[in-house]
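What follows is a guided reading of a single protein chain, moving from one local feature to the next. Please keep the sequence and the coordinates at hand while reading.

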Amino acid sequence: MPRKQTNDKSSFEWAFGVDANVIENQHLLTAYKLNLSACTSKSNCKRNCRGNPKCLQALGEKKWFKNDKEDVCSEIEDPDSERREKNCFVGLKNLGATCYVNSLLQVWYHNAYLRDAIYRWKAEEDPKENAAARNMNDLSCYNAVTPVGQLQLVFAKLQFTVRRYIDPSAFVNTLELDVSQQQDAQEFSKLFLTLLEEDLKHQSNTTVKNIVQTQYCGEYEYVTKCQNCLLESFSPSKFYELGLNIKGHKDIYECLNEYFSGEMLEGSNQYLCSHCQSKQDAVRCTRLKKLPPFLNLQLLRFVYDKQKQCRRKINTFIRFPETINLKDYLEKNCFRGNTEYELCAVLVHRGQSAHSGHYIAHIKDRASGCWYKFNDELVEKEKGKLLKLADEGNDDGGGDKKESSKEKQVKLSKGQHASNDAYMLVYKSTTLDDKKLPDDNSFGWDIPEYLQAAVLEDNDNFEEWVKDLKQMRDENVAINKNRREEVKCIYEKLILRENETGEWISKKWLIDWLNNDFKKPVPSVDNSHALCTHRKLSLKSLPDMKYVNSEGVSLRLLFLLQMANVIYEKYGGSPRLRDVLCRQCVKEKVKLLQVNQQIQEDQKRISSLSKFTPSQYEKTYWIGKESLSCWKQLAKRCVETKEETNDDDGDSDSENQPPSQSESVKLNDRLDFDFNEDLLCPHKRLTCDESSRRLVSAEVWNILKRHFPSAPEFDCESIPCVDCMVRLDDNFHNELLNDNASHCNERLLDELRQVATVQRQKLQDLYQQKRRISWNDMQMHTSYYALSRKFFVEWRNFLR
């Protein structure tokens, strides 16, 4: 719609050329903006037209006209969205702050050798399970109580469940972890592998018993060489991971070089040599003796800051290759075998703090060679067969966009990766042929019957849940489709067309109705707030009301497309606003507009006349200073007050309800005096206080008199109240006779100071020869004095 039509002023442009007491029907229609046409969907109203009561666009109707897809027509999500996709891995539910557990569980699950050994674990050979179970001979109702037993169930569900993700709560509970507190992932990895190794030592199957050592355990030795006798001492040890310092390094080779480099033992840190029988300077280093099939490289990103006395994260970018060869770090005399490894997993911590953030895992599928990103419940296959760490963006909680953009700028050669968030790299020996084991989708795995039964039961429960939820969803879709058609039908018929009867309805109710999801009952229509004091439609409530097709506001006639009372019969409410255009409100509005226009013109004239001081021969009038500054507001109040006295003579509508008390209160604050009453004394005569009044010309007074014909009138010759003057004199003499002489003296001093200020200003004017009196300015009955020019010149020289 054109902007002019929606302008509030346009609805009363006619008001300045008509008699306010003669308001015709056409004037009423224009004042209530019923001369405007209704907006349609082709009007492209981005927002509802506040100035057009017939505009029903942009109230929230768009969602009811969307395409009728099931996912749009139902608040219940499709349960099949929780089903596992074909040829896709399964996620793990985050229980609060257990993302670090989920990422490591995924890494261990993708070690097919470890998974196969865990499946072969026998509960009846575990002393903890035997102590907790009543009858280990009957495993049909078996429920594991140890971490390894629950790990077996987690692995089975990850492999054979039909769910998109599984719940690892039972496994986490056996470890007694606090799900609300995030733990150090590196420390958890070490502790769990140690616990797993301890629990498996009771198994009779040596493959199962030694699976942790055969898969993750390597050997190195600490070599200390005395610088005096050159004797070397050896201290062999096992490792399950290598903790590499990354501070000050750029790639993984620099970290490895520092790890295996020699360390000088000197000064207070000297070595006690057994051959020399004394402390000597020595060199200590670490030498690899045996490499495991799976090599875990822990990047020590979390360090203790001694200055701040807290842990912090090192966000250094570290480059690492797809394949790595460790032959240079093996001891020369040991059996080398295969020393080449390929990258199979990268664990990432997103976040700037060591105490918060989010853990995810990038793992390479052993069958397809494709990389997958495991982010708790969400599992995504990365494009192509290449690892893309820089594509994670900032969706993993706590990542920094600046860090991601910086990562993309790191120049990498083919087969190289870089990350400032990677905290664990898992490399697999290239000679390890894990494809000999069955495929993940095959049934060639040796899985206990009780484990199969548990997975099948869980899958059956899921299918039953999907079936029930689908039935609920179908019912919900049918209800919502019927409701959608009903709302669409009502809304389309509410739009007023030519030669159709209309009535007013609350805009707020329409918005609430169109935006209601119908989970709660729709409230009844309440139009009482829109009533004026004449029990008709208030002009002030016009922006909050809409004029709709009266045919669309009898449920009985809904299917005949006559919608006259649908809304009120279906949802209830009152009052019905038909034929409620208030002639009295329009009359008051017109008078107020005319008065405002006259006030603006008079204000300009008064401002122009006030710039000139009235001459002594011109008749002037006293006016209160506060009245002069507020005369416009007082004039408007006079019009409102005059119209309020005529309210009882206005028309009334028996169908309408009386307005609430809050509606009858005026929005503007009322002034507590009438025009020119601020210059009256308590005796209702001219006040003696000249500071509260001033003289204005007769022309200014006549302009104001038209607005305030009953205002008190005092010309310049009016004498102030005699009673007040006598009281002032009596008070003054009483003060002189009062014992409190200091108060009187202070008042006299103030008066003398004022006289001195006036005299000082007059002397300054005389010195500068300003405001000199001309012959025309002299007044009768006033004394004037002449000065000798010689005296005046000498007086000025004296002052200089």
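A convenient place to enter this predicted model is Thr-224, which lies in strand 3, the run of residues 218-226. With a relative accessible area of 4%, Thr-224 falls under the 20% cut-off and therefore counts as buried. The side chain of Thr-224 makes a polar contact with the side chain of Arg-284, at 3.1 Å.

Another buried residue is Arg-473, whose relative accessible area is 6%. Arg-473 is found in helix 13, which covers residues 449-494. The C-alpha atom of Arg-473 is separated by 7.8 Å from that of Glu-77, although these two residues are 396 residues apart along the chain.

These residues can be set against the chain as a whole, whose secondary structure comes to 23 helices and 27 strands. Of the 800 residues in the chain, 42% are buried. The accessible surface comes to about 45,700 Å², and carbon and sulfur atoms account for 48% of that surface.

Two of the helices deserve a closer reading. Helix 6, formed by residues 147-160, has 14 residues, which at 1.5 Å a residue should span 20 Å, and the end C-alpha atoms of helix 6 are indeed 20 Å apart, so the two values agree. Helix 6 is mostly covered, since 13 of its 14 residues are buried.

Helix 8, formed by residues 185-200, has 16 residues and reaches 22 Å from its first C-alpha to its last, close to the 22 Å expected at 1.5 Å a residue. The buried residues of helix 8 include Ala-185, Phe-188, Phe-192, Leu-193, Leu-196 and Leu-200, and among them are also Gln-186, Ser-189, Glu-197 and Asp-199. Seen down the axis of helix 8, the buried residues fall within an arc of 165°, and they therefore line one face of the helix. The N-terminal end of helix 8 is capped by Asp-184, which has a side-chain oxygen 2.9 Å from the backbone nitrogen of Gln-186. Gln-186 thus appears twice in this account, as one of the buried residues of helix 8 and as the residue whose backbone nitrogen lies 2.9 Å from the capping side chain of Asp-184.

The loops offer some backbone geometry worth inspecting. In the loop between strand 24 (573-574) and helix 16 (583-609) one finds Pro-575, and the peptide bond leading from Ser-574 to Pro-575 is cis, with omega near -5°. Asp-579 also has its place in the loop between strand 24 and helix 16, and its phi is near 55°, a positive value in a residue other than glycine. Asp-579 has a relative accessible area of 73%, and because exposed means over 50%, this residue counts as exposed.

Arg-535, in the loop between strand 22 (525-526) and strand 23 (545-549), likewise has a positive phi, of about 65°, although Arg-535 is not a glycine. At 35% relative accessibility Arg-535 lies between the cut-offs of 20% and 50%, and so this residue counts as partly exposed.

The last stop is on the surface, where Ile-719, Val-722, Met-725 and Val-726 make a nonpolar patch of about 370 Å². Of these residues, Val-722 lies in helix 21, which is formed by residues 722-737.

Definitions and conventions: Residues are numbered from 1 along each chain as its sequence is written. This is a predicted model: local features need pLDDT of at least 70, side-chain atom pairs count only at pLDDT 80 or more; totals for chains, interfaces and linings use all residues. Side-chain values use heavy atoms; hydrogens and water are left out. Helices (H or I, at least four residues) and strands (E, at least two) are DSSP runs, numbered from the N terminus. Buried means under 20% relative accessible area, exposed over 50%, partly exposed in between (1.4 Å probe, protein chains only). Accessible areas come from the Shrake-Rupley method with a 1.4 Å probe; for residues, only the protein chains shown count as cover. The expected span of a helix is 1.5 Å times one less than its number of residues. The arc is that of the directions from the helix axis to the C-beta atoms. A polar contact is a pair of N or O atoms within 3.5 Å; within protein, one must be able to donate a hydrogen and the other to accept it, and residues adjacent in sequence count only if both atoms are side-chain atoms. Patches are made of residues with over 30% relative accessible area and no salt bridge: like charges are joined within 9 Å, nonpolar side chains (Val, Leu, Ile, Met, Phe, Trp, Tyr) within 5 Å. A salt bridge is a side-chain nitrogen of Lys or Arg within 4 Å of a carboxyl oxygen of Asp or Glu.
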